[in-house]
Amino acid sequence: MSEHLLGSVSLPSDLVWTDEFTWPTVVRKTEYALTGALIVDVGQRQAGRPITLAGDAGTWVPRATVDALRVLACEVPGQFVLALADGRSFNVVFAPEAAIAAAPLYPIADPGADFPYVITIKLIEV
């Protein structure tokens, strides 16, 4: 596979998963018992991992892809498979705020469907 696939939308494999290693998979909570003993609760997170795919000026998508992502983000219930170019796949939803950020490669008054945009896509693994 030479590209990422989010639902039915193809994305360049050059989009980088920027927060891949920042989400702790183990959660720890500490508190003291009435006796003064330390209690440590430890649990494995089951879902909620952020997946942010980001490009730069060298990694862009056409405006038509940005439009397709915006349509996809409005679908209900809105759960999709993200298939990464390296073969891994995840069940994801779009993040609740600022899920898709897109900026034109350079300013233009009336961009066409093939005009290049730099994008950032924020997803959450479910």
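Two strands are said to pair if DSSP finds at least two bridges between them. In this predicted model, strand 9 (residues 89–94) pairs in this sense with strand 8 and with strand 11, as set out below.

| Strand joined to strand 9 | Residues | Bridges | Direction |
|---|---|---|---|
| Strand 8 | 80–83 | 4 bridges | antiparallel |
| Strand 11 | 116–125 | 3 bridges | antiparallel |

On the side of strand 8, Ala-83 stands opposite Ser-89 of strand 9. These two strands form a hairpin with 5 residues between them, and Gly-87 there takes a positive phi near 100°. On the side of strand 11, Leu-123 is the bridge partner of Phe-94.

In a regular strand, side chains alternate between the two faces of the sheet. Strand 9 shows such an alternation: Phe-90, Val-92 and Phe-94 point to one face and are buried, whereas Ser-89, Asn-91 and Val-93 point to the other face and are not buried.

The largest nonpolar core of the model comprises 23 residues, and Leu-6, Leu-11, Ile-119 and Ile-121 have the most contacts inside it. At least two residues of this core come from each of strand 2 (9–12), strand 6 (50–54), helix 1 (63–73), strand 8, strand 9 and strand 11. Strand 11 supplies the largest share, 4 residues.

Ile-121 merits a separate description. Leaving aside residues up to four places away in sequence, Ile-121 touches Leu-6, Leu-11, Leu-15, Ile-51, Thr-52, Leu-53, Leu-69, Phe-94 and Ala-99. Phe-94 thus appears in several roles: a buried residue of strand 9, the bridge partner of Leu-123 and a contact of Ile-121.

Terms used. Residues are numbered from 1 along each chain as its sequence is written. This is a predicted model: local features need pLDDT of at least 70, side-chain atom pairs count only at pLDDT 80 or more; totals for chains, interfaces and linings use all residues. Side-chain values use heavy atoms; hydrogens and water are left out. Buried means under 20% relative accessible area, exposed over 50%, partly exposed in between (1.4 Å probe, protein chains only). A nonpolar core is a set of buried Ala, Val, Leu, Ile, Met, Phe, Trp, Tyr and Cys residues joined through side-chain atoms within 4.5 Å. Contact means heavy atoms within 4.5 Å.
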